[in-house]
Amino acid sequence: MLALEIARDELLVPAAEETAQTRAQASAATKKKTAALRSWISLDHDGQGTVLDLDKHAIIHRVQIHARDLRLLDPLLSYPSTILGREKVIVLNLEHIKAIITADEVLLRDPFDDAVLPIVKELQRRLPLSSTNFNGQGEEEDASGVQKDETDEENEFPFEFRALEVALEGICSFLDGQTRVLEADAYPALDELTSKISSRNLDRVRKLKSAMTRLTNRVQKVRDELEQLLDDDDDMADLYLSRKMVGTSPVSDSGAPNWSLASPNITIGSKVSRTSRASAATTVEEENDVEELEMLLEAYFMQIEGTLNKLTALREYIDDTEDYINIQLDNHRNQLIQLELFLSSGTVCLSMCSMVAAIFGMNIPYTWRKDHGYVFKWVIIVTGIVCGSVFLLIISYARHKGLVGS
């Protein structure tokens, strides 16, 4: 009894250790998922990044976004590629790029992911302007400097569009890269399949076709989203966050901003005042002017369209290969049918010989069995001639009907 208890304890200890290890792994995976859900990076106008640990409610309070829009960025949920323009933010869900763009910052989810790191670096490089538009050092500026600053500000590419351009370029390049990798694997595999039809080659092509179908669906979703934006000017107008901020800037009835005279930002206030007056004069004309964004979206729409055309050409090549393989299989099947016809015809002729042999093998007394040994020779000759004639007649009839090749 003591030995049994010791053996039971020895069996229970490894099981308990394995259970504890499994729980630890599950707990680590849960913590990793939770960290990914709470990990964000904030990028400002200067490209300075700040890693943030924010939950859903903190994000909603920070950027004033609805919970249903934030749900689109949840990596645990499957949503199609989406570009949404809201009152103060742009919600961006493009494959692995999940971001919230405002007029002064970009919030990017899971910045430590290997696929997201290049996007972070590109945002840090391209968000800062190449030359600052405000270079005044005091309250006194000459007229030419003021006019140059106003012109630069009017021609400045909005911050949200610079961030949107980086995201679109990243997803288009990512999908195009995956397409090139798929092409590099698919075309040699298809050529090898046409030269040698085997189970290994068929299984390889099947996997490549499944991967191509999934990639085509992903590219199609991004293309459809861009096409939907290009077809609706109102949706594109919603992406102009800077324009909407200028329209709701704190301006008094006289057109001047309500800056305090003792404020240290008096110079910036005069600058915003000039910008506000210039923008107020052209708000009516520009509120429906989406040409700038339309040109940006069209450029990447053409790029994603080119990627989709590559996948379409690959699908057509796969379909052509399948048709070629089916033709080859049909040809082999026809050859087998012809072989079966020859064998069946030969079997019929041999059965006739067997019938003659069976007749002569019956134990029945015949008078011509005695002293007629020469009959055996003639029976064999006549039977062979008749069977050969029947075989040739069957083959000739089959060729006349086109059942076998000539």
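**Note on a predicted model: sheet, salt bridges and a surface patch**

1. Start with a hairpin: 4 residues connect strand 3 to strand 4. Strands here are DSSP runs (E, at least two residues), helices are DSSP runs too (H or I, at least four), and both are numbered from the N terminus. The two strands of this hairpin run antiparallel, with 4 bridges between them. Two strands count as paired if DSSP finds at least two bridges between them. One partnership is that of Gly85 with Ile90 in strand 4.

2. A word on the basis. This is a predicted model, in which local features need pLDDT of at least 70 and side-chain atom pairs count only at pLDDT 80 or more, while totals for chains, interfaces and linings use all residues. Residues are numbered from 1 along each chain as its sequence is written, and side-chain values use heavy atoms, with hydrogens and water left out.

3. The overall picture comes next. The protein has 12 helices and 6 strands. Of its 406 residues, 30% count as buried. Buried means under 20% relative accessible area, exposed means over 50%, and partly exposed lies in between (1.4 Å probe, protein chains only). About 25,500 Å² is exposed, and carbon and sulfur atoms supply 57% of that area. Areas come from the Shrake-Rupley method with a 1.4 Å probe; for residues, only the protein chains shown count as cover. Among contacts with a separation of 6 or more, 68% are between residues 24 or more positions apart. A contact means heavy atoms within 4.5 Å.

4. Now the sheet. The sheet is open, has 6 strands in the order 2-1-6-5-4-3, and pairs antiparallel. Strand 2 (49-53) and strand 3 (82-85) are the edges, each pairing on one side only. From one strand to the next, the twist averages 15 degrees. Helix 2 (residues 56-63) packs on the sheet and touches strand 1 (39-43), strand 2, strand 5 and strand 6 (106-109). The direction of helix 2 makes about 160 degrees with that of strand 6. Axes are lines fitted to C-alpha atoms, for helices over the stretch in contact; angles run from 0 to 180 degrees between N-to-C directions.

5. Two further strand pairs deserve a look. Strand 1 and strand 2 run antiparallel and are joined by 5 bridges. Ser39 has Asp53 as its bridge partner in strand 2. These strands form a hairpin with 5 residues between them, and Gly47 in the turn has a positive phi of about 80 degrees. Strand 4 (residues 90-94) and strand 5 (residues 97-101) are also antiparallel, over 5 bridges. There, Ile90 is partnered by Ile101 in strand 5.

6. Back to edge strand 3. In a regular strand the side chains alternate between the two faces of the sheet. Thr82 and Leu84 point one way from strand 3, Ile83 and Gly85 the other way, and all are buried.

7. On charge pairs, the whole structure holds 18 salt bridges. The criterion is a side-chain nitrogen of Lys or Arg within 4 Å of a carboxyl oxygen of Asp or Glu. One of them joins Arg218 and Glu95 at 3.1 Å, N to O. Arg218 lies in helix 7 (residues 199-231) and Glu95 in the loop between strand 4 and strand 5, so the pair ties together parts 123 residues apart in sequence. Arg218 is partly exposed at 25% relative accessible area, and Glu95 is partly exposed at 23%.

8. Helix 7 holds further partners. Asp203 forms a salt bridge with Arg206, with the closest N and O atoms 2.8 Å apart. The two are 3 residues apart in helix 7, so about one helical turn separates them. Lys209 and Glu322 also meet in a salt bridge (2.8 Å, N to O). That pair links distant parts of the chain: Lys209 is in helix 7 and Glu322 is in helix 11 (residues 291-360), 113 residues apart. Lys209 is partly exposed at 26%, as is Glu322 at 32%. Elsewhere, salt bridges that share partners join Glu122, Arg125, Arg126, Glu165 and Glu169 into one network.

9. Last, a surface feature. Trp378, Ile381, Val382, Ile385 and Val386 form a nonpolar patch with about 470 Å² of accessible area together. Patch residues have over 30% relative accessible area and no salt bridge; like charges are joined within 9 Å, nonpolar side chains (Val, Leu, Ile, Met, Phe, Trp, Tyr) within 5 Å. Trp378 belongs to helix 12 (residues 374-400).
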